[in-house]
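Student: Could you zoom in on one part of this structure for me? I'd like to know what the backbone and the rings are doing there, and then how that part's chain sits against its partner.

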Amino acid sequence: MSGPILEVRDLEKRYGARRAVAGVSLDVWPGEVLGIVGESGSGKTTLLSAIAGRVAPSAGSVTYDGRDLTELADVDRSRLIGDKIGFVHQNPRDGLRLNVSAGGNVAEKLMAAGARNYGALRETACRWLDRVEIGRDRVDDHPSKFSGGMQQRLQIARVLATQPQLVLMDEPTGGLDVSVQAKLLDLLRGLVDELGLAVVVVTHDLGVARLLAHRLLVMKDGLVVEHGLTDQVLDDPAHAYTQLLVSSVLQV
Amino acid sequence: MSSGYNFAYLDEPTKRMLRRSLLKAVAIPGYQVPFASREMPLPFGWGTGGIQVTAAILGRDDRLKVIDQGADDTTNAVSIRDFFAKTAGVATTLSTRDATVIQTRHRIPETPLQHGQIMVFQVPIPEPLRWLEPRETETRRMHAFADYGAMHLKLYEDVARYGRITTAYDYPVLVAGRYLMRPSPIPRFDNPKLDASPALMLFGAGREKRIYAVPPYTSVKSLDFEDHPFTIESWDRPCARCGAADSYLDEIITDDRGGRRFVCSDTDHCNQRLDAKEKAA
C-alpha cells in the first residue's frame, strides 16, 4: 500500500465550551502500532471514539483508506467501520455479549458479514479460541463464567475474527493484574506481528506503550504535546509533561 | 347489533389513524409502523392489537372468523367473535374458506388461504431483535441499516447447545429480502404458509403500539444455516380424530395415567375432514 491507512486531520470534539480533543492530526501506516499516552482526561479515549465513529467529531476529518468517514452517510460509515475497523474496549463486558456462548461471540461478526455455514463458523470460532489460548472445551461456555483475562482474550478473538485491517484498542490491559497483563501483551504482540495489523492503542500505562507501540503520541488537555518513536519519547522526553509522565513511573 | 356503539366499536378518527398505519405497513413489508394504540375493553396481551386492526378493516359485508391456538371454540376466540358480532353486526363463521377476515392467535389455518382474504395476527412482542438488544433506539438503527448479523446468533446458540435449531415458535423471518420480522407466536410449522401467500397478513401489537404487514405474494424467508436448514415439525402419528397426517397436532392429556392423544390444533380443518368422511361413508 502506498499511503497511510488512517489519516486524522485537525480532529476536534467539543462538549459545550470545553474541548475534549482540541485539534489532533495523526497518520497510521499499514502494519504500524501507534500508541497514545496521557493522563486521565487528556482526550485519548474521546479521540479513539471519534476515529471509530462512536462520537461525532465537531470538526476535522478521519480518512480511512482514502475515504473520509465524516463525510459518509451513517449507514455506509457503520458498514465500513464494522467491516474494516475493530474496536477493543477497556472493559471486555462492553465488547462481548455475556449471555451468548464464547463461540457465538466470535461467530457473530462473521454472520453479520454473511457467513451462513454453522460447521465452518464453529471451526473458525475454535481456531480463534486456540489463537488466544482459550481451550476449545470452553467454546459453549458463556463469557460471564470467564476470568477477566479470559474475557479480554475472547474480546480480542471476536474483534480479530473478521480480519479487520485497523484495530483500535482502548486500555486493553486495564483492570487486569500484572501477570495476566504480561501474558495478554505477549499475545497481542504476537497477533499484531503475525497478522500485520495497523493498531492504535490508547493507554496510560507506559509499560504497555513501550512493549506494543512503534510510535507514540503524548496527549495533554486535548492536544498532542509530543510525538516520535517510542523509545525516543520515553528515554529522551522533550516536553515537560512527558518528562513528568516518565519520571512518575516507579522503577522496580 | 347493539345500539350505542360506533360500527366496530372504535370511533371513526381512530380507525382512520389505524388505516393510515396499515397502509404504510403494507407499503413497507415487514417494517414496524408505530400507531396510537387505544385502551380496549380487554387487557393487553389478550389481543388488543389484533382487535384494533380488525376493527379498522372490517366492513359491513365481511365474514369474521376468530381462532385462538387454531380453535374456534376457546374463550378468547368466542369472546372476540361475539364482540364484533355485537358492535359491528357482521356475519361470523367458523369456516376458513367462508371467512373474509380471520383474526388469529398462534396459528395460520391449515386450509390454504385465498386471494382477498385478510389474516389479522395478535402480536405480543413485535421486535425480533429485542432479546439481544434492549434499546429501542439501537434496534431501530439495526433495522434501518439492515444490520441483522446478530439475529443468526440465536440460531447459532440453539445448534451449539442442542445440536439443532430448537426455536419452535416466533421463528424469525426476512420479509421481501429486507426487514427482519417476528411472525408472532405461530409455530414454525406455519412459517412456510407466510411465504408468497395470496392473502394479506396484518400484525397488530397493542401494548407495544406497532403494526406491520406482509402483502400478498411477498417472499418470507425463515432464517437458517446452510448445514442446518429450516425444517417444520413432524409427528410420528396422524390426528386421532380425522386422521390427517399433514396438520399441526396438539397433545391432549386424556387421563392421569399418562394417556394422551394427538389431534389437529385447527378445529375447523379437523371437523371438515370428519364431515367429508361421514358423507363419503
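Tutor: Let's fix one word first: buried means under 20% relative accessible area, exposed means over 50%, and partly exposed is in between (1.4 Å probe, protein chains only). This is a predicted model, with local features needing pLDDT of at least 70 and side-chain atom pairs 80 or more, while totals for chains, interfaces and linings use all residues. Residues count from 1 along each chain as written, chains are lettered from A and ligands numbered from 1 in written order, and side-chain values use heavy atoms, without hydrogens or water.

Now to B:Ala8, where phi is positive, about 60 degrees, although the residue is not a glycine. That's worth a second look, because most residues other than glycine have a negative phi. B:Ala8 sits in the segment before α1 (12-27) of chain B (helices are DSSP runs of H or I, at least four residues; strands are E, at least two; both are numbered from the N terminus). With a relative accessible area of 0%, B:Ala8 is buried. Chain A has a positive phi too: A:Asp10, near 50 degrees and also not a glycine, lies in strand β1 (residues 6-15) of chain A.

Back in chain B, B:Tyr5 and B:Tyr9 are linked with B:Phe83 and B:Phe84 into a cluster by ring pairs. Rings of Phe, Tyr and Trp (its six-membered ring) pair if their centres lie within 6.5 Å, counting as stacked under 30 degrees between planes, edge-to-face over 60 and tilted otherwise. Over all chains, the search finds 12 aromatic pairs. One of them is B:Trp235 with B:Tyr248, edge-to-face at 5.0 Å centre to centre and 85 degrees between the planes. Both residues are in the loop between β10 (220-222) and β11 (249-253) of chain B, so the pair ties together parts 13 residues apart in sequence. B:Trp235 is partly exposed at 27%, whereas B:Tyr248 counts as buried at 18%.

As for the partner, chain B puts 19 residues into the contact and chain A 22, contact meaning heavy atoms within 4.5 Å. The area buried between the two chains is about 1800 Å², with 59% from carbon and sulfur atoms (buried area is the accessible area, 1.4 Å probe, that two parts lose on being put together, summed over both). On chain A's side, A:Met111, A:Arg116 and A:Tyr118 lose the most area to chain B, together 38% of what that side buries. Helices α2 (74-84), α4 (102-112) and α5 (118-131) of chain A each supply at least two residues of that side, and α4(A) gives the most, with 6 residues.
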